[in-house]
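Student: Could you take me through one part of this structure slowly, and show me how it connects to what surrounds it? I would like to look closely at the sheet and at what packs around it.

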Amino acid sequence: MKRYDAALIIAASENDANLFYATKFLAPGPFIYLQTSEKRIIFVSNLEFERAKKQAKVDEVISINKYKKDSS
């Protein structure tokens, strides 16, 4: 099997077994999972942020809202 330096999954872990296996975080809505050779990160909505920090088995949880442009 070929090894990759990075992986990216954008899905709802409720519907994607690979994402759930990678994060151990079950969510009905889509979120971003990024894995490099050094770190595993998920980007989630503010709604899921606190729960993700407690449940996800990743190195870092980031709120996607941090990167949204202000609409004003």
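**A close look at the sheet and its surroundings**

Tutor: Leaving aside its neighbours within four places in sequence, I42 is in contact with T23, F25, F31, I32, Y33, A52, A56, V58, E60, V61 and I62. This is a predicted model, and I42 is a useful place to begin, since I42 is also listed, together with F25, F31, Y33, V44 and V61, among the residues that touch the most other members of the largest nonpolar core, which has 15 residues. Strands β1, β2 and β3 and the helices α1 (17–23) and α2 (46–55) each supply at least two residues of this core.

Let us turn to the sheet itself. Four strands form an open sheet with mixed pairing, and their order is β1-β2-β3-β4. At the edges are β1 and β4 (60–63), each of which pairs on one side only, and from one strand to the next the twist averages 15 degrees. In general, strands of a sheet pair through backbone hydrogen bonds, and they do this in either a parallel or an antiparallel sense.

Now follow the pairings one by one. Strand β1 (residues 7–11) pairs with strand β2 (residues 31–35) in the antiparallel sense over five bridges, and within this pair I10 stands opposite I32 of β2. On its other pairing, β2 meets strand β3 (residues 40–44), again in the antiparallel sense, over four bridges; here L34 has I41 of β3 as its bridge partner, while Q35 is partnered by R40 of β3. The two strands β2 and β3 form a hairpin, with four residues between them.

Next comes the helix that packs on this sheet: α2 lies across β3 and β4, and runs at about 165 degrees to β4. Helix α2 includes K53, which has a relative accessible area of 44% and is therefore partly exposed, falling between the 20% and 50% limits. The C-alpha atoms of K53 and F25 are separated by 9.5 Å, although the two residues are 28 residues apart along the chain.

Finally, consider S13, which lies in the loop between β1 and α1. Its relative accessibility is 3%, and because buried means under 20%, S13 counts as buried. The side chain of S13 reaches the backbone nitrogen of A27 at 2.8 Å, and, not counting residues up to four places away in sequence, S13 touches L19, F20, F25, L26, A27 and F31. Two of these names, F25 and F31, bring us back to the start, for they also appear among the contacts of I42.

How values were computed. Residues numbered from 1 in each chain as written. Predicted model: local features only at pLDDT ≥ 70, side-chain atom pairs only at ≥ 80, totals over all residues. Heavy atoms only, no water. Pairing = 2+ DSSP bridges. Core = buried A, V, L, I, M, F, W, Y, C linked by side-chain atoms within 4.5 Å. Buried < 20%, exposed > 50% of the residue type's maximum accessible area, 1.4 Å probe, protein only. Contact = heavy atoms within 4.5 Å. Polar contact = N/O pair within 3.5 Å; in protein donor to acceptor, adjacent residues only side chain to side chain. Axes fitted to C-alpha atoms, helices over the stretch in contact; angles between N-to-C directions.
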